[in-house]
Amino acid sequence: MPGPENIRDYLDAVTAQIRWKRARPAASRELEAHLEDQRNEFQEAGCSLEEAERLAVEEMGDPVSVGADLDRLHRPKPQWGLVALTLALLLFGGWLRYALTRAGSPWGEDLDPFRCALSAAAGAAVLLGVYFLDVSRLLRWAKWVYIGAVALGMLCLCFLPRVNNASYFTRYVALLYPAVYALWLYDCRGKGWRGLLAAVGGGVPLAAVCMLAPFSLGLLLLGAVGFLSLALAIQMDWFTVPRRQALAAVGGLGAVLTLGLVWKIFGGSGNSRLEILLHPETDPMGKGFQAVMVRQVLEASRPVGEGSFALQTRAIQGMEFPPEMMLPEWNHDFLPTTMIYKLGWLPYLLLLAVLAALLLWMLQRCACQRSQSGKLLALAAVGTLAMQSVFAVALNLGFVAFTAQLPLVTGNLHSVADCALIGLALAAFRSETLLRDGVPACQTLQKEIA
């Protein structure tokens, strides 16, 4: 049976061999570009259009064999090990929140077990839903995703209730902002200095939402992960500008903004906030109360099993408090401290080791990622989770600067947001063969065959 004699029929024959339907358009576009180049060369040599197309497809080879090789190259890379480990941590976190706080507190804050179960189910659904997301389509709509994220943050600020003078739900949107900023950087590619300026300016609306919330941790995450992503984008020559000059300009701007942020958080008369951070005992019943209580609870904890205070309960406003409940936010931000007191240091360190293994495994996958866009997107998600973990560990060691949550463990809605970030990174890993950023499939195929 004679083979196809024109490019369109040849592409149809090749893509019919690719079983992953999502990979067919990308493979077809890359192969079509190569075939058109070959056709143009034959036309320049004096061939007619029909003859040039016939020679081009003949030179490419048997479409069934080429399609089979492309099918082998363009298969999704399953990440079931990472998915399973994430789900295990998510379920353990939900159980931990319920097991450690089910007795409620003397203030009447009884924990609803269905809320923990619902958050675990929602987190698993979000994880799997984002995992199967078409990242290539997300990249094509990067600008609109960015605009939608800013608009959603503003809507949360304007219309959703505030708790303790802070926009409670905005923080969950802001946790996704480092990944959203990575998408914005992708949209600014190839535009020279104008694109680099737009890339830097794109962080301003996101930072404004964090400041209006206010959400100090979100602002720090956006600043640190955002500048890392921007530096990596410059290094990958996304903006087609001199790298050294661009890195110097961005580094100088980053240094100025970092100093300003540090001054905003720790500055003021006498650097009182920094002093309280390092020496909370100077104001044990005021600004240093949380840190002092955390350190007292940790000192009374044991390697395994429940800790022991010299005085097991303490009366406040006529109510008896167990030791861990004397700590504000004992069942939220300071849940790891409660875990250490009730279960011991070893279970907590084991939990941290498993979480660290998950993050390091994901970082290793980032390093091996061949797609520039996939690497940047995944790195933004993993960097956000890693920084959250560092700040949460510091908070639960008694270094209280601002609130921070341990990923997949602290908070119900917060765990759902963490699952969205992990799912986004895993989706980039899974779709690596579709996100090769200008590396034509036919070139990759020829290298594989060689």
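Reader: What is Arg171 in contact with, leaving aside its neighbours within four places in sequence?

Author: In this predicted model, Arg171 is in contact with Phe215, Thr403 and Gln405. Arg171 itself is found in helix 9, residues 170-174.

Reader: Why is Arg171 said to have no salt bridge?

Author: A salt bridge needs a side-chain nitrogen of Lys or Arg within 4 Å of a carboxyl oxygen of Asp or Glu. For the buried Arg171, the nearest side chain of opposite charge is Asp333, 5.3 Å away. That distance does not meet the cut-off, so no salt bridge is counted.

Reader: Why is Leu413 called partly exposed?

Author: Partly exposed covers the range between the buried limit, under 20%, and the exposed limit, over 50%. Leu413, which sits in helix 20, has 42% relative accessibility, so the label fits. Leu413 also belongs to a nonpolar surface patch with Leu160, Val163, Tyr168 and Phe169, and together they have about 380 Å² of accessible area.

Reader: What makes helix 20 largely enclosed by the rest of the structure?

Author: Of its 19 residues, 18 are buried, so the description follows.

Reader: How do you know that the span of helix 20 agrees with what it should be?

Author: Helix 20 runs over residues 412-430, and at 1.5 Å a residue it should span 27 Å. Its end C-alpha atoms are 27 Å apart, so the two values agree.

Reader: And what about Leu49: is it buried or partly exposed?

Author: Leu49, in helix 3, has a relative accessible area of 39%, so it counts as partly exposed. Not counting residues up to four places away in sequence, Leu49 touches Arg39 and Gln43.

Terms used. Residues are numbered from 1 along each chain as its sequence is written. This is a predicted model: local features need pLDDT of at least 70, side-chain atom pairs count only at pLDDT 80 or more; totals for chains, interfaces and linings use all residues. Side-chain values use heavy atoms; hydrogens and water are left out. Helices (H or I, at least four residues) and strands (E, at least two) are DSSP runs, numbered from the N terminus. Buried means under 20% relative accessible area, exposed over 50%, partly exposed in between (1.4 Å probe, protein chains only). Lys and Arg count as positive and Asp and Glu as negative; His and the chain ends are not counted. Contact means heavy atoms within 4.5 Å. The expected span of a helix is 1.5 Å times one less than its number of residues. Patches are made of residues with over 30% relative accessible area and no salt bridge: like charges are joined within 9 Å, nonpolar side chains (Val, Leu, Ile, Met, Phe, Trp, Tyr) within 5 Å. Accessible areas come from the Shrake-Rupley method with a 1.4 Å probe; for residues, only the protein chains shown count as cover.
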